[in-house]
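Please look through the structure below at your own pace, first as a whole and then part by part. The paragraphs after it are meant to be read with the picture in view.

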Protein chains: 2
Amino acid sequence: MSPTAAAESLTRSVEDYLKAIYRLSPEGRPASTSEIAHLLELSAPSVSGMVKRLSELGLLEHAPYKGVQLTAEGRRAALRMVRRHRLIEAYLVRFLGYSWDTVHQEAERLEHAVTDQLVERMAGALGHPATDPHGDPIPEADGSIHEPVCTPLSDLEVGQTIEIRRVDESQPERLRYLASLGLRPGVVVTLLDRQPFGGPMTLEAAGEHHVIGQELAHVLLCAREAGA
Amino acid sequence: MSPTAAAESLTRSVEDYLKAIYRLSPEGRPASTSEIAHLLELSAPSVSGMVKRLSELGLLEHAPYKGVQLTAEGRRAALRMVRRHRLIEAYLVRFLGYSWDTVHQEAERLEHAVTDQLVERMAGALGHPATDPHGDPIPEADGSIHEPVCTPLSDLEVGQTIEIRRVDESQPERLRYLASLGLRPGVVVTLLDRQPFGGPMTLEAAGEHHVIGQELAHVLLCAREAGA
DNA sequence: TCGCAGGTTTAGGGCAACCTAAACTATCGC
DNA sequence: GCGATAGTTTAGGTTGCCCTAAACCTGCGA
């Protein structure tokens with residue numbers, strides 16, 4: 001069976017493992033069993049067993065007691081899932097009235113059920129977007145991905161004006177709150193004030209002033225240069 | 001656990017069984033183990049085992065060696081799947097460029113992954129259609145379904161003019177051929193000639209003449225009355 | 001009415017994924 | 001350099017769903 005043929009028949013579970021490992025090892029740093037277990041809400045022994053199977057399938061490499069790294073093939077399969085996930089999110093928001101805090105769970109199930117053909121048609125209907133509703137970059141169909149360099153809003157200097165590019169999607173509550181403030185990718189903000197020792201920051205966006213704490217300032221990722 | 005709550009967590013397999021049984025027993029006539037096995041391409045013992053589980057779940061009733069009938073709850077769950085399937089088909093054809101011979105397999109996988117919310121949004125985007133692309137009626141969200149009375153084109157009298165309402169979807173090849181002749185739901189045809197002893201029929205549709213055999217004439221279901 | 005053919009069910013087994021409990025290793029503080 | 005602790009793996013078990021082989025009914029024709 002060719003590597004590509006193997007990727008055609010991955011289990012739902014396998015797909016989830018690959019996605020999790022990809023997420024945990026952005027620059028090829030190995031992911032630990034317990035990190036994976038925590039992210040997928042499984043027991044460590046379950047992960048250990050699956051890791052063994054996946055390494056036998058050639059999707060990852062496992063150094064016992066050290067960690068796990070995706071092979072080129074594993075990475076390709078993971079990126080295929082990420083592409084699906086983010087395109088589905090974009091599609092649901094654009095065409096079916098979903099809000100950015102509710103798409104994640106729907107996409108989480110659909111990504112395992114769609115064919116490549118359907119994903120590409122959704123991409124076409126969307127005009128082949130570069131990012132999903134949270135600003136996360138969508139990998140290309142050929143498996144390449146461009147992760148733009150971003151700066152957390154918490155690192156800005158007072159007085160800087162900059163565009164929000166990306167928002168951590170993991171907490172729906174937080175997304176809902178940010179949406180209520182109008183803080184989303186594409187919006188331009190100006191940092192008006194920051195209190196010392198991790199204190200609140202005041203910023204202006206679309207003519208309104210908002211005061212936010214460190215946590216929010218941390219997950220609001222901005223373009224590197226003002227106006228860039 | 002309430003009956004409704006049980007229906008929330010049905011397995012993919014269970015959903016397929018219920019759909020199959022619903023399809024095999026249109027008027028409550030019991031379905032046999034082997035019919036189900038054949039439709040789902042499973043062994044008879046597998047079906048036997050699953051039937052036992054489903055009857056313990058209260059989704060169907062099983063008279064050993066006799067057959068299987070859905071309970072009210074089982075029927076409700078089956079109709080929910082049918083609604084999903086047909087709405088997904090309609091959506092894919094309308095918005096994502098699918099043809100009526102290719103939607104089935106895509107819908108077959110998606111129907112297990114969508115939430116009720118998503119299905120209802122697709123229904124809304126479509127304007128709550130009454131039928132899918134093959135003319136099959138879409139059950140309502142409340143579980144009711146209206147099966148229109150249809151006559152196979154093979155039963156028409158020469159000279160009758162009538163509207164095609166519904167086409168059997170089970171064979172993609174056949175659907176493709178019918179599409180190439182322009183014979184699809186909503187099209188009005190006139191029967192010009194029929195040869196005896198199951199011979200070919202000549203008909204006129206959209207200004208063109210076609211000659212079709214018994215098999216096709218059998219799966220083209222028409223409105224009961226001319227012009228109705 | 002008896003037996004046989006077909007359909008059905010029981011028996012027994014496999015695989016994918018999960019779990020808990022117990023055994024194991026790696027590393028850090030002393 | 002040596003445990004204790006935190007993290008990891010092995011052992012053994014469960015559930016869902018599938019299979020083949022063998023035992024079992026049922027109804028029909030002789």
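The text that follows goes from the confidence of the model to the two chains, then to the DNA and lastly to the sheets.

This is a predicted model, in which local features need a pLDDT of at least 70 and side-chain atom pairs count only at pLDDT 80 or more, while totals for chains, interfaces and linings use all residues. Residues are numbered from 1 along each chain as its sequence is written, and chains are lettered from A and ligands numbered from 1 in the order in which they are written.

A careful reader begins with confidence, which is expressed here as pLDDT, the predictor's confidence in each residue, from 0 to 100. Chain A averages a pLDDT of 92, and 95% of its residues score at least 70. Among the elements of chain A (helices are DSSP runs of H or I with at least four residues, strands are runs of E with at least two, and both are numbered from the N terminus), helix H1, residues 3-8, has the lowest mean pLDDT, 50, whereas H7(A) has the highest, 98. Over residues 1-6 of chain A the pLDDT is below 50, and beyond near neighbours in sequence this stretch has three contacts in the model, a contact being a pair of residues whose C-beta atoms, placed from the backbone, lie within 7 Å. Where pLDDT is low, the predicted coordinates should not be read in detail.

How are the two chains arranged with respect to each other? A turn of 180° with a shift of 0.0 Å along the axis lays chain A on chain B with an RMSD of 0.0 Å, where the superposition is by least squares on the C-alpha atoms of residues with pLDDT of at least 70 in both copies. The two copies are therefore related as by a two-fold rotation axis. Of the residues of chain A, Ala113(A) comes closest to this rotation axis, its C-alpha being at 3.2 Å. The same surface serves both copies, since 100% of the contact residues of chain A recur in chain B.

Where the chains meet, twelve residues of chain A are in contact with twelve residues of chain B. On the side of chain A that touches chain B, the elements giving two or more residues are helix H6 (103-110) and helix H7 (116-126) of chain A, and the largest share, four residues, comes from H7(A). By class, this side of chain A has six nonpolar, three polar and three charged residues; here Ala, Val, Leu, Ile, Met, Phe, Trp, Tyr, Cys and Pro count as nonpolar, Asp, Glu, Lys and Arg as charged, and the others, Gly among them, as polar.

Which residues come nearest to each DNA strand? A residue counts as near a strand if its C-beta atom, placed from the backbone, lies within 6 Å of it. Around DNA strand C there are 18 residues, of which Thr11(A), Ser46(A), Ser32(B), Ser34(B) and Pro45(B) come nearest. Helix H2 (12-24) and H4 of chain A, together with helix H3 (33-40) and H4 of chain B, each give two or more residues to this surface, and H4(A) gives the most, with four residues. The 18 residues around DNA strand D have Ser32(A), Ser34(A), Pro45(A), Thr11(B) and Ser46(B) as the nearest, and the largest share of the surface near DNA strand D, four residues, comes from H4(B). By class, the surface near DNA strand D has nine nonpolar, nine polar and no charged residues.

In chain B, six strands form an open sheet in the order S3-S8-S4-S5-S6-S7, with antiparallel pairing; two strands pair if DSSP finds at least two bridges between them. Strand S3 (151-152) and strand S7 (208-212) of chain B stand at the edges with a single partner strand each, so one side of each is left without a neighbour in the sheet. Strand S4 (residues 161-167) and strand S5 (residues 188-194) of chain B pair in the antiparallel sense over three bridges, and Thr161(B) has Thr190(B) in S5(B) as its bridge partner. Five bridges join S5(B) to strand S6 (residues 201-205) of chain B, with Leu191(B) opposite Leu203(B).

Technical notes: Two residues are in contact if their C-beta atoms, placed from the backbone, lie within 7 Å.
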